[in-house]
Amino acid sequence: MAVNRVPVLKRCRSLGLDPMYLGIDKKSKRELKRANKKVSEYGLQLREKQKAKFIYGVLEKPFRNYFATASKMKGQAGENLMILLERRLDNVLFRMGYARTRKEARQIVDHKHVLVNGKCVNIPSFLVKAGDTIEIREKSRSSQRYKDILEVTDGRLIPEWLEADHEALNGTVKQLPVRENIDVPVDEMLIVELYSK
């Protein structure tokens, strides 16, 4: 399996991204030194695509597939792309506060700790639908790991399209997200322009 092993803070610096969007509360003390280089239009578009891929932990081929799906859906391709990325199971777990980062959420899903509508799902890219119930498996609930995670994520705001019960370690997808609910600093129009060349 392909894994991105670039140091997270270094990547955040190069993309001009706040690590908070990844669920990391560290700050880099280094400044990015760029001699006043004017970034080309293509450079800006590429950076936005890299930013979206990095935030959601998606590699190039699946990202291109998401874009192809988003283009076929009704509405604007850019908004559809962001909604598809937001509906990924690993992202939903992160948003509900059952993982500190999306990488950790991906691992939790991989290790078969998650049930969707009562069935075990171990595919991080599984797309949730409105009305789905997501819960941590009974066996895993009592582990110290989730107590530690909830300590860290308790103050995190849960988006209005999701509902989470931290006592029972479960939650519901009330409705599908709309672009206004997604607080990711990505200009999806630049991604659309990049792929439509």
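In this predicted model, the buried residues of helix α9 pack against α2, α3 and α4. Those buried residues are Glu188, Leu190, Ile191, Val192, Leu194 and Tyr195. With six of its eight residues buried, α9 ends up largely enclosed by the rest of the structure.

Two of these helix pairs can be looked at through their geometry. Two packed helices are described by the angle between their axes and the distance between the axes. Take α4 first: this helix covers residues 77-86, α9 covers residues 188-195, and the two pack at an angle of about 110° with their axes 8 Å apart. Since angles from 65 to 115 degrees count as roughly perpendicular, α4 is roughly perpendicular to α9. On the α4 side the contact is made by Ala77, Gly78, Glu79, Leu81 and Met82, and on the α9 side by Glu188, Ile191 and Val192. Sorted by class, the residues of this contact come out as five nonpolar, one polar and two charged. As for handedness, α4 passes α9 in a right-handed crossing.

Then there is α3. Its axis and that of α9 come within 12 Å and cross at roughly 95°, which makes α3 roughly perpendicular to α9. Here Glu60, Phe63, Arg64 and Phe67 in α3 meet Ile191, Val192 and Tyr195 in α9. The class tally for this contact is five nonpolar residues, no polar ones and two charged. Ile191 and Val192 thus turn up in the contact with α4 as well as in the one with α3.

Next, the charged side chains. Side chains of opposite charge can pair when their charged atoms come close. The model has 13 salt bridges. One of them involves a residue already met in the α4 contact: glutamate 188 pairs with arginine 179, with the closest N and O atoms 3.0 Å apart. Both glutamate 188 and arginine 179 are buried.

Glu60, from the α3 contact with α9, has a salt-bridge partner too. Lysine 49 and glutamate 60 form a salt bridge in which the closest N and O atoms are 2.9 Å apart. This pair links distant parts of the chain, eleven residues apart: lysine 49 sits in helix α2 (residues 41-56) and glutamate 60 in helix α3 (residues 60-72). How buried or exposed are the two partners, lysine 49 and glutamate 60? Buried means under 20% relative accessible area, so lysine 49, at 9% relative accessibility, counts as buried. Glutamate 60 is at 23% relative accessibility and therefore counts as partly exposed. The pairing does not stop with these two, as Lys49, Lys53, Glu60 and Arg64 are linked in a network of salt bridges. Arg64 also belongs to the α3 residues that meet α9.

Finally, helix α5, residues 89-96, is mostly covered, with eight of its eight residues buried. The buried residues are Leu89, Asp90, Asn91, Val92, Leu93, Phe94, Arg95 and Met96. Asp90 takes part in a salt bridge with arginine 88, where the closest N and O atoms are 3.0 Å apart. Arginine 88 is buried, just as aspartate 90 is. After α5 comes glycine 97, which has a positive phi, near 90°.

Technical notes:
Residues are numbered from 1 along each chain as its sequence is written. This is a predicted model: local features need pLDDT of at least 70, side-chain atom pairs count only at pLDDT 80 or more; totals for chains, interfaces and linings use all residues. Side-chain values use heavy atoms; hydrogens and water are left out. Axes are lines fitted to C-alpha atoms, for helices over the stretch in contact, and angles run from 0 to 180 degrees between N-to-C directions. Helices (H or I, at least four residues) and strands (E, at least two) are DSSP runs, numbered from the N terminus. Angles under 35 degrees count as roughly parallel, over 145 as roughly antiparallel, 65 to 115 as roughly perpendicular and the rest as oblique. A crossing is left-handed if the near helix is turned anticlockwise from the far one by less than a right angle, and right-handed if clockwise. Contact means heavy atoms within 4.5 Å. Ala, Val, Leu, Ile, Met, Phe, Trp, Tyr, Cys and Pro count as nonpolar, Asp, Glu, Lys and Arg as charged, and the others, Gly among them, as polar. A salt bridge is a side-chain nitrogen of Lys or Arg within 4 Å of a carboxyl oxygen of Asp or Glu. Buried means under 20% relative accessible area, exposed over 50%, partly exposed in between (1.4 Å probe, protein chains only).
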